[in-house]
There are 2 protein chains.
Amino acid sequence: MALVVQKFGGTSVGDADRIRAVADHVARTRRSGNDVVVVVSAMGKTTDDLIRLATEVSSVQPPREYDMLVSSGERISTALLCMALAELGVAASSFTGSQAGIVTDTDHTKAKIVDIRAGRITEALEAGKVPVVAGFQGVSTERDVTTLGRGASDLTAVALAAVLGADACEIYTDVTGVFSADPRIVPDAHKLSRVSFEEMLEIAAAGGRVLQLRSAEIARNHHVPLQVRSSFTWEPGTWIVEEDEAMEQAVVTAVVHDISQAKITVAGVQDKPGVAARLFRSLADRSVNVDDIVQNASAHGITDISFTVPRTDIATAVEGVSGHLAELGATQVTSDQGIAKVSVIGAGMKSHPGVTATMFETLAEEGINIDLISTSTIRISCIVREEDVERAVRALHRAFELA
Amino acid sequence: MALVVQKFGGTSVGDADRIRAVADHVARTRRSGNDVVVVVSAMGKTTDDLIRLATEVSSVQPPREYDMLVSSGERISTALLCMALAELGVAASSFTGSQAGIVTDTDHTKAKIVDIRAGRITEALEAGKVPVVAGFQGVSTERDVTTLGRGASDLTAVALAAVLGADACEIYTDVTGVFSADPRIVPDAHKLSRVSFEEMLEIAAAGGRVLQLRSAEIARNHHVPLQVRSSFTWEPGTWIVEEDEAMEQAVVTAVVHDISQAKITVAGVQDKPGVAARLFRSLADRSVNVDDIVQNASAHGITDISFTVPRTDIATAVEGVSGHLAELGATQVTSDQGIAKVSVIGAGMKSHPGVTATMFETLAEEGINIDLISTSTIRISCIVREEDVERAVRALHRAFELA
């Protein structure tokens, strides 16, 4: 008897019919002899509706209250799914993040899990029940309701799978798996049957929306076998697996793009030890997630530092840096929202040094200017103008023969 | 500096504008030097919408899951009100029933409060904050989310006021106070500026919808000064106060009616000790709230027992009794939904024995047949046909000169 954690996203539980379909699938998994733990997101656009309501009520949204508000959607889904399971004769119990023992720090709206005390989940399993857990939320060490950031129901599922020693964690969503590129942009993109954790991490970090980044990290660190699949077609999806010598390693596995970032440039920074540290400490203190960082060559002891941040963090980041301009010896800070990132990712890239050249040549042939470049052992990313990014994705998908 | 508990019902927080109006009132109360604890219901029809959604999803609604579902509406209200208060510069913190320390038994959907551990509320007050508590809900001794029954946000407010030793508990609603009769039926009904707890208890028990019955009981037992008033006009409402020698005691204070009950008759019951006890124990075990009970005179050692229950409990009550018919020696159980109760209530009634006669004469003159009669020291109730009840209320309001 295997233990499976199944996570269903907002579109998967979008209305009464969808919830019944999910209940049916959970019941079938249970009846084929598995223990099942379910994690659900809020129904469809519930969370967006709550955020809009908050905006109507007040221009001030204290983070603690924001979390109390937006965590309610998942509770509704858990209770409804348990009712649908009851109708199918499957005993189930709903659990809030707090009841499921998801203990977090106090960094409201993007809290980090510090402990999982899954005693009630284990008890429910031992009693033959299906625990249905509200994703995306926990309880802080101060006993307040916290949320783990947008998309973090994946994180709840993977973290529970890790703690419970689950045999598999299945992330159900409205796409059938991980693709070689976004099928809306590249019609002949194909579904990958397996990707390595390392590739999945890079895909998530580079903007691939299938799986939340922190979830992929935790899955890798805890060796949780992960599958991304569709709750609409129920067909086999993409397995995210340990890298394996025997794996067929394409040089490039996927082309990923991201239009959610902005570029911030701090000009005229003193090029001496400790300056960059002060700059990024001031951003870390404000919980700004800095992605790529590029420092240009120094001339006369001063340099420019550019970095990307989520567009939602622009104001915080600019404000954070502005307060330290004198201290950094810098002259100005500017932001640019008109950028996009395109990345090629592949575990096989490590042994094929020509990938970088092919990528740059392909973009050059398309007349696409590269603004910033960053690389890891299995990824190359270029920042380009946002209006060029779809053309870039299509050209790279073709150049690396991913169709 | 006084401590005031203010409770706002569903219509009072029905949309963003209403929530801001409530925040404004709370802020003014706070700024005039009072400590304020707020209790809120779910916005408008939120709870009804959730119940409808549950019906769409499943025909089976386990009570534990029902409570998890319907308790979410109040959480949303608390967070939104705290945001609106933050915009006005008033520090506020939301609390779920569980966080507010409302501990209940495990009788889901109509749980009883067994303890209030208001430590977090007291801490928030000491920190100069306005605690905003989700009404209608608590946490069971099994650590599950419970609800206290429809309308029980009043109960949350009164119970917190009692535990905190509040100087006043203000119940804000969409009516301006307690009336001598329902103004929709009796246009010249007048607002009572004061009623005694005893009268309020009888009014609530007799179907007056202004204040939940259990709330009135707790307010009396704990001497919590209570005011019912409007969150739309903010005008002074009705004070519910200790009975006082100096109080002007009208013989009859109010005429109250109730169309939410049904009559159940158990025919051919053996008239011997212990039979009635067994009958009503079987109903109590099913948490059916029995209201009036009438046993007719015995003939040949057998009798009929009639009682009223909420219409929502008919099926449970009939089923409960049916299982015991043989044991009770009874022949059949029937239910009648076409009834209504009309009551006259007044603390002055105790010393005016003529009230009963006037009531019966008035109904007789209107040609209205009386089915059951029940009385307390300050109340006389008659069960009549539902179609006669509005005429009965108008005639009695006139006969006792309440206009």
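In this predicted model, helix 9 and helix 10 (residues 314–322) of chain A pack with their axes 9 Å apart, at an angle of about 135°. That angle is not over 145, the cut-off for roughly antiparallel, so helix 9 of chain A and helix 10 of chain A go down as oblique to each other. The crossing of helix 9 of chain A past helix 10 of chain A is right-handed. On the helix 9 side, Leu279(A), Ser282(A) and Leu283(A) make the contact, and helix 10 of chain A answers with Ala317(A), Gly320(A) and Val321(A). Sorted by class, this helix 9 to helix 10 patch in chain A holds four nonpolar and two polar residues, with no charged ones.

Helix 9 of chain A spans residues 275–285, and Val275(A) sits in it. Val275(A) has 18 C-beta neighbours inside 10 Å, and since a residue needs 20 or more to be buried, Val275(A) ends up as partly exposed. Leaving aside residues up to four places away in sequence, Val275(A) touches Val269(A), Gln270(A) and Leu328(A). From Val275(A) to Arg20(A) it is 57 Å in space, C-alpha to C-alpha, and 255 residues in sequence.

Next comes the pairing of the two chains. Two copies of a chain are related by a rotation about an axis and a shift along it. Here a turn of 180° with a shift of 0.0 Å along the axis lays chain B on chain A, leaving an RMSD of 0.1 Å. The copies are thus related as by a two-fold rotation axis. Within chain B, the residue that comes closest to that rotation axis is Ser72(B), whose C-alpha is at 2.9 Å.

The contact between the copies draws 32 residues from chain A and 32 residues from chain B. On the chain B side, two or more residues each come from helix 1, helix 2 (46–57), helix 3 (63–70), helix 4 (72–87) and strand 3 (92–95). Helix 4 of chain B supplies the largest share of that side, with 11 residues. By class, the chain B residues that touch chain A split into 17 nonpolar, eight polar and seven charged. Of the interface residues of chain B, 100% are also interface residues in chain A, so the copies meet through the same surface.

Two helix pairs across the chains show how this looks in detail. Helix 4 (residues 72–87) of chain A packs on helix 3 of chain B with the axes 8 Å apart and an angle of about 155°. This makes helix 4 of chain A roughly antiparallel to helix 3 of chain B, and the crossing is left-handed. Helix 4 of chain A brings Arg75(A), Ile76(A), Thr78(A), Ala79(A), Leu80(A), Cys82(A) and Met83(A) to the contact, while helix 3 of chain B brings Glu65(B), Met68(B) and Leu69(B). The tally for helix 4 of chain A with helix 3 of chain B is seven nonpolar, one polar and two charged residues.

The other pair joins helix 2 (residues 46–57) of chain A to helix 1 (residues 16–31) of chain B, whose axes come within 9 Å and cross at roughly 50°. Helix 2 of chain A and helix 1 of chain B are therefore oblique to each other, and their crossing is right-handed. Leu53(A), Glu56(A) and Val57(A) of helix 2 of chain A meet Ala16(B), Ile19(B) and Arg20(B) of helix 1 of chain B. Here the class count for helix 2 of chain A with helix 1 of chain B is four nonpolar, no polar and two charged residues.

How values were computed:
Residues numbered from 1 in each chain as written. Chains lettered and ligands numbered in written order. Predicted model: local features only at pLDDT ≥ 70, side-chain atom pairs only at ≥ 80, totals over all residues. Axes fitted to C-alpha atoms, helices over the stretch in contact; angles between N-to-C directions. Helix = DSSP H or I, 4+ residues; strand = E, 2+ residues; numbered from the N terminus. Parallel < 35°, antiparallel > 145°, perpendicular 65-115°, else oblique. Left-handed = near helix turned anticlockwise from the far one by under 90°. Contact = placed C-beta atoms within 7 Å. Nonpolar A, V, L, I, M, F, W, Y, C, P; charged D, E, K, R; others polar. Least-squares fit on C-alpha atoms with pLDDT ≥ 70 in both. Buried ≥ 20, exposed ≤ 12 C-beta atoms within 10 Å, placed from the backbone.
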